[in-house]
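The following exercises concern salt bridges and burial in a protein chain. Please work through each task before reading its solution.

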Amino acid sequence: MNSQSAAPTPGPGFTVSCGYGTDRGLSRELNEDSLIAVDPVFAVADGMGGHEAGEIASALCVRTLGNMPQLAAGVRSATAVVVQKCILAADSEIRNATGGRAGTTLSGVVVAEHMGVAYWLVMNIGDSRTYRLSGGEFRQISVDHSEVQELVEAGRITREEATVHPRRHVVTRALGTGGENEADFWLLPIQDGDRILVCSDGLTGELSDEHMFRILSTSEKPQDAVDALIKEALLRGGRDNVTAIVVDAKTA
């Protein structure tokens with residue numbers, strides 16, 4: 001397991017700190033997950049494709065985001081329009097490098113400040129996920145782009161049935177595949193004590209929302225929460241690559 005904690009990053013009126021980690025899991029030969037956890041961008045990309053191609057796709061995705069001047073370390077002025085342009089650049093990089101043989105999901109948050117107010121700008125494409133624990137309430141912010149999510153929304157299966165459905169890993173939107181590459185966005189004001197979880201489906205495939213909530217609400221430090229989440233996912237089977245980022249925000 002690769003993990004490392006990030007030092008708090010000061011901002012006007014609040015600080016952000018994070019922990020992150022990734023593990024190949026117990027069944028996969030390669031780790032096709034990639035992550036970026038440098039303020040203002042905290043995101044997970046889950047690659048998919050042939051041998052090594054998914055790894056290339058996810059790495060190119062987070063590398064492209066990290067190289068964008070609008071998302072440079074400490075810059076907190078990004079908008080959804082700016083982030084979508086960065087995502088389109090990543091999509092192009094992946095297609096050029098892999099010839100459409102590979103793709104990747106992307107989910108996470110960008111810390112943004114507008115008119116003196118700080119926000120979580122949540123982005124999502126695919127079935128990696130972003131959650132928020134705020135005021136004791138834990139909920140998924142992102143909405144999966146997947147076949148089973150469409151079945152749930154159509155009322156044909158329940159959320160519980162979706163977790164074991166044979167097509168639960170089939171995504172309907174991804175980067176690098178030549179298909180739809182527009183992300184969904186949510187803008188949430190940052191509240192004191194907010195805790196964000198960004199993860200690949202290797203975590204949510206093993207742990208229920210209730211299980212993740214218990215770990216997030218009882219781990220004081222973000223890195224402790226990440227380590228506990230990944231450990232539990234491995235104990236419960238570790239059938240896929242597992243990646244998690246936990247981001248805390250506190251008023252200064």
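A residue is called buried when its relative accessible area is under 20%, exposed when it is over 50%, and partly exposed in between. The model examined here is predicted.

**Exercise 1.** Describe the chain as a whole: its elements, its burial and its surface.

Solution.
Step 1. Count the elements: the chain contains seven helices and 12 strands.
Step 2. Apply the burial cut-off: of its 252 residues, 52% count as buried.
Step 3. Consider the surface: about 11,300 Å² is exposed, and 49% of this area is supplied by carbon and sulfur atoms.
Step 4. Consider the contacts: among those between residues at least 6 apart in sequence, 68% join residues at least 24 apart.

**Exercise 2.** Determine which parts of the chain are linked by the salt bridge between Glu113 and Arg76, and classify both residues by burial.

Solution.
Step 1. Recall the principle: side chains of opposite charge can pair when their charged atoms come close.
Step 2. Check the distance: a salt bridge requires a nitrogen-to-oxygen distance within 4 Å, and in the pair Glu113 and Arg76 it is 2.9 Å.
Step 3. Locate the partners: Glu113 belongs to strand β6 (residues 106–114), whereas Arg76 is in the loop between α1 (53–67) and α2 (80–98); they are 37 residues apart.
Step 4. Classify them: Glu113, at a relative accessible area of 23%, is partly exposed. Arg76 has 9% and is therefore buried.
Step 5. Extend the picture: Asp39 joins Arg76 and Glu113 in a network of salt bridges.

**Exercise 3.** Explain why the salt bridge between Asp194 and Arg132 ties together separate parts of the chain.

Solution.
Step 1. Check the distance: the N to O separation of Asp194 and Arg132 is 2.8 Å.
Step 2. Locate the partners: Asp194 lies in the loop between β10 (184–189) and β11 (195–199), and Arg132 lies in strand β8 (residues 129–134), so the bridge ties together parts 62 residues apart in sequence.
Step 3. Classify them: Asp194 has 0% relative accessibility and counts as buried; Arg132 is also buried, with 12%.

**Exercise 4.** Which strands are linked by the pair Arg195 and Asp248?

Solution.
Step 1. Check the distance: the closest N and O atoms of Arg195 and Asp248 are 2.7 Å apart in their salt bridge.
Step 2. Locate the partners: Arg195 is in strand β11 and Asp248 in strand β12 (residues 242–251), 53 residues apart.
Step 3. Classify them: Arg195 is buried at 6% relative accessibility, and Asp248 is buried at 6%.
Step 4. Place the result in context: the whole structure holds 10 salt bridges.

How values were computed. Residues are numbered from 1 along each chain as its sequence is written. This is a predicted model: local features need pLDDT of at least 70, side-chain atom pairs count only at pLDDT 80 or more; totals for chains, interfaces and linings use all residues. Side-chain values use heavy atoms; hydrogens and water are left out. A salt bridge is a side-chain nitrogen of Lys or Arg within 4 Å of a carboxyl oxygen of Asp or Glu. Helices (H or I, at least four residues) and strands (E, at least two) are DSSP runs, numbered from the N terminus. Buried means under 20% relative accessible area, exposed over 50%, partly exposed in between (1.4 Å probe, protein chains only). Contact means heavy atoms within 4.5 Å. Accessible areas come from the Shrake-Rupley method with a 1.4 Å probe; for residues, only the protein chains shown count as cover.
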